[in-house]
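These are my notebook entries on one chain and its two ligands. I looked up the contacts, the pocket and the overall fold, in that order.

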Amino acid sequence: MENNLPKHIGLIMDGNGRWAKKRGLPRKAGHTVGAQTFRKIVRACNKKGIGYLTVYAFSTENWKRPQEEIDAIIKLLRDYLKEAHKYLKENIRTRFIGDLSVFDQEIRDLIVEAEEASKDMTGLNLNIAINYGGRNEITHAVKTIVEQVQQGTLRADEIGEQIVADHLYTAGMPEVDLIIRPSGEYRLSNFLIWQSAYAEYIFMDDILWPDFSEKHLNAALEEFARRNRRFGGI
Ligand code: IPE
Ligand code: IPE
Ligand code: MG
């Protein structure tokens, strides 16, 4: 199985709200436990030697939620950023992807700090997607490419798939080859729509994110190793 490890996992951390509801707790309690699960699974991926892990933490659509819930999620983000230095000893390189311009100055500064502090780490490459949407990302890439054409630094006839990929938040990273989503929803919800064009999808319907464990990760990796990837060939 070792040889058949995915190079880049996309993880949709879904089901926090339902997990809390089942226990008669407020939704934010699910996010709090989910944030702990996130820390555990990141560590597990690092130990296994996974190269890249992109986690979906907050989507461009999640602003539709009640303000109280949004505030609770942003608070968890802030808490995580404040302790990010603790993760340096684990050799994890952390990056944040998404339209970060909407976050306040404190969060943006903490993000720069966390990215800067971990930039020479050689273990897992962790991307945390916040205010991330695949359509938003592609639109942003298109705008940048058009600007370059207008400025004369890029010719229109040079634009190909590689140029588009080079302008996504994941520029230079391996293509996503495995998407994992717990909670029984069988959709991407605007996550990595370009990058996972040829990914394997593993949807798990017997588990909500807060209860997701290394056991579930292992099951997904085993299933991935069994899949026959043809990429249009035979
Ligand atoms: C995922 O859990 C976390 C975020 C979207 C921030 P949900 O909050 O979507 O949980 P469910 O899907 O409502 O159970
Ligand atoms: C996707 O989950 C976003 C994150 C996990 C951060 P959602 O719960 O927002 O997705 P939908 O609404 O079920 O599609
Ligand atoms: Mg959900």
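I took a polar contact to be a pair of N or O atoms within 3.5 Å; within protein, one must be able to donate a hydrogen and the other to accept it, and residues adjacent in sequence count only if both atoms are side-chain atoms. The model is predicted, so I noted that local features need pLDDT of at least 70 and side-chain atom pairs pLDDT 80 or more, while totals for chains, interfaces and linings use all residues. Residues are numbered from 1 along each chain as written, chains are lettered from A and ligands numbered from 1 in the order written, and side-chain values use heavy atoms, without hydrogens and water.

**Entry: ligand 2**

I looked up the polar contacts of ligand 2. A polar side-chain atom of S189 lies 2.6 Å from an oxygen atom of ligand 2. For D14, the distance from a polar side-chain atom to an oxygen atom of ligand 2 is 3.2 Å, and for R181 it is 3.3 Å. The protein covers 78% of the 390 Å² of accessible area that ligand 2 has on its own (Shrake-Rupley method, 1.4 Å probe; for residues, only the protein chains shown count as cover).

I then listed the residues near ligand 2, that is, with a heavy atom within 4 Å of it. Among them are I12, M13, Y56, A57, F58, N62, R65 and R187. By class, this shell has five nonpolar, two polar and four charged residues (Ala, Val, Leu, Ile, Met, Phe, Trp, Tyr, Cys and Pro are nonpolar; Asp, Glu, Lys and Arg are charged; the others, Gly among them, are polar).

**Entry: ligand 1**

Which residues are closest to ligand 1? I found D14, G17, R18, R27 and R65, in a shell of 13 residues. D14 brings a polar side-chain atom to 2.8 Å from an oxygen atom of ligand 1. G17 and R18 use backbone N or O atoms, at 2.9 Å and 2.7 Å respectively, each from an oxygen atom of ligand 1. The protein covers 87% of the 380 Å² of accessible area that ligand 1 has on its own.

Helix 1 (16–22), helix 2 (27–48) and helix 3 (67–82) each give two or more residues to this shell. Helix 1 gives the most, with three residues. The shell has three nonpolar, five polar and five charged residues.

**Entry: chain**

I counted seven helices and six strands (DSSP runs numbered from the N terminus: H or I of at least four residues, E of at least two). Along the sequence the pattern is β-α-α-β-α-β-α-β-α-α-β-β-α. The C-alpha atoms fill a box of roughly 60 × 50 × 35 Å along the principal axes.
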